[in-house]
Amino acid sequence: MKWFFLALSRYAVFSGRSQRSEFWYFVLFEILIEWALFMVDHAMGWTQSFGGMGLLTGLAGLVFLLPSISVATRRLHDIGKSGWWQLLAFVPVLGILVLIYWLALNGHAGANAFGPNPKEVGHF
């Protein structure tokens, strides 16, 4: 949970770098929270028949939107790429696969153009 809260505490920080742990634990807990909220939405009858998104799920999506973009930007910075590469997500299938590959890569050792290596600085 510490990685999730670290990413949330840096929700609007688009500079610097983030370790794989921070990014992937944030994604894991975001999915778990949204799944739990979807179950509540479904139980309360708040889901829409055409999209399946309910009131709580939609609100959580809005709450997690900015932190998701910022942690992915910092993660891409860790491998030496600009955060603008997230726009590849709009390329069907291939863009998402390339992003997943990049986000799973180990970060560059030492400092790069985006800052010092978070593993060496010791965020956690």
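How many residues does helix H2 have, and how far does helix H2 reach from its first C-alpha to its last? In this predicted model, H2 takes in residues 20-44, which makes 25 residues, and it reaches 36 Å from end to end, counted between the first and last C-alpha. That sits close to the 36 Å expected at 1.5 Å a residue. Right after H2 comes Gly45, with a positive phi of about 80 degrees.

A good part of H2 is tucked away: Glu22, Phe23, Phe26, Phe29, Glu30, Glu34 and Asp41 are buried. An α-helix has 3.6 residues a turn, so residues three or four places apart point the same way. As for what covers the buried residues of H2, the list includes helix H1 (2-9), helix H3 (55-78) and H4.

Moving on to the loops, Val93 is found between H3 and H4. Val93 is not a glycine, yet it has a positive phi, of about 55 degrees. Is this residue buried or exposed? With a relative accessible area of 61%, Val93 counts as exposed, because the cut-off for that label is over 50%.

Further along, Asn112 has its place in the loop that runs between helix H4 (94-104) and helix H5 (118-121). Polar atoms of the Asn112 side chain pair up with backbone atoms of two residues: the backbone oxygen of His77 lies 2.9 Å away, and the backbone nitrogen of Phe114 lies 2.8 Å away. Leaving aside residues up to four places away in sequence, Asn112 touches Arg17, His77, Asp78 and Gly80. His77 thus turns up both in the polar pairing and among the residues touched.

Conventions. Residues numbered from 1 in each chain as written. Predicted model: local features only at pLDDT ≥ 70, side-chain atom pairs only at ≥ 80, totals over all residues. Heavy atoms only, no water. Helix = DSSP H or I, 4+ residues; strand = E, 2+ residues; numbered from the N terminus. Polar contact = N/O pair within 3.5 Å; in protein donor to acceptor, adjacent residues only side chain to side chain. Contact = heavy atoms within 4.5 Å. Expected span 1.5 Å × (residues − 1). Buried < 20%, exposed > 50% of the residue type's maximum accessible area, 1.4 Å probe, protein only.
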